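This briefing introduces a protein structure to a reader who has not met it before. Please keep the sequence and the model in view while reading.

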Amino acid sequence: MFLRPTATRLLSNIPSCLARTYSSAPDRIEKTVNTVTLLGRVGADPQKRGSEAHPVVTFSVATHSNYRYDSGDWMQKTDWHRVVVFKPALRDAVMNYLRKGQRTMVTGKITYGEITDQEGKQRPTTSVIADDVIFLQNQSQ
């Protein structure tokens, strides 16, 4: 954990082995991992957004989990994930071959940010920046 000197004084209850201050870059940089893998169905056909200079493709993926109530009845909870594709070749493949309802596997990293809605309010947003998208074919096709 890297803390500024003022933060060290504020967090005086942190053991001294964890509270370090640096006036310049640290001697070593810790490795971190931000990896997401989704396997689900595409919610809507992919959309091209952004500008000509900075195009981006977005689509949604639905995943679900099943659980059982005490009564024995099964319930399914669906989560929706916003996927963003920046890589040019992957962007083109997603636009050409991915369709609503198709099963897909997406690997990438999760990112958080804010968007401004039409009323001008800031809203938090969570997206998966795709590194790879695998197109799975439905058995009926």
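How exposed is Glu30, in terms of relative accessible area? Glu30 has a relative accessible area of 43%, so the residue counts as partly exposed, a class that lies between under 20% for buried and over 50% for exposed. The model discussed here is predicted, and the points below set Glu30 beside its salt-bridge partner, Arg28, before turning to a second salt bridge, to Thr63 and to the protein as a whole.

**Salt bridges**

- The structure contains two salt bridges.
- One of them links the side chains of Arg28 and Glu30, with an N to O distance of 3.9 Å. This pair qualifies because the cut-off for a salt bridge is within 4 Å.
- Arg28 is partly exposed, at 48% relative accessibility, and Glu30 is likewise partly exposed, at 43%.
- A salt bridge also joins the side chains of Asp79 and Lys77, where the N to O distance is 2.6 Å.
- Asp79 has a relative accessible area of 29% and is partly exposed. Lys77 is partly exposed as well, with a relative accessibility of 42%.

**Thr63 and its surroundings**

- Thr63 lies in strand β5, which covers residues 55-68.
- With a relative accessible area of 16%, Thr63 is buried, because the limit for that class is under 20%.
- The side chain of Thr63 makes a polar contact of 2.7 Å with the side chain of His81.
- Leaving aside residues up to four places away in sequence, Thr63 touches Leu38, Leu39, Gly40, Lys77, Thr78, Asp79 and His81.
- Among these neighbours are Lys77 and Asp79, the two residues whose side chains meet in the salt bridge of 2.6 Å.

**Overall architecture**

- The protein has two helices and eight strands.
- Their order along the sequence is β-α-β-β-β-β-β-α-β-β.
- Considering contacts in the protein with a separation of 6 or more, 52% are between residues 24 or more positions apart.

**Burial and surface**

- The protein has 141 residues, of which 25% count as buried. Thr63, at 16% relative accessible area, is one of the buried residues.
- The accessible surface of the protein amounts to about 10800 Å². Carbon and sulfur atoms contribute 51% of that surface.

Definitions and conventions. Residues are numbered from 1 along each chain as its sequence is written. This is a predicted model: local features need pLDDT of at least 70, side-chain atom pairs count only at pLDDT 80 or more; totals for chains, interfaces and linings use all residues. Side-chain values use heavy atoms; hydrogens and water are left out. Buried means under 20% relative accessible area, exposed over 50%, partly exposed in between (1.4 Å probe, protein chains only). Helices (H or I, at least four residues) and strands (E, at least two) are DSSP runs, numbered from the N terminus. A polar contact is a pair of N or O atoms within 3.5 Å; within protein, one must be able to donate a hydrogen and the other to accept it, and residues adjacent in sequence count only if both atoms are side-chain atoms. Contact means heavy atoms within 4.5 Å. Accessible areas come from the Shrake-Rupley method with a 1.4 Å probe; for residues, only the protein chains shown count as cover.
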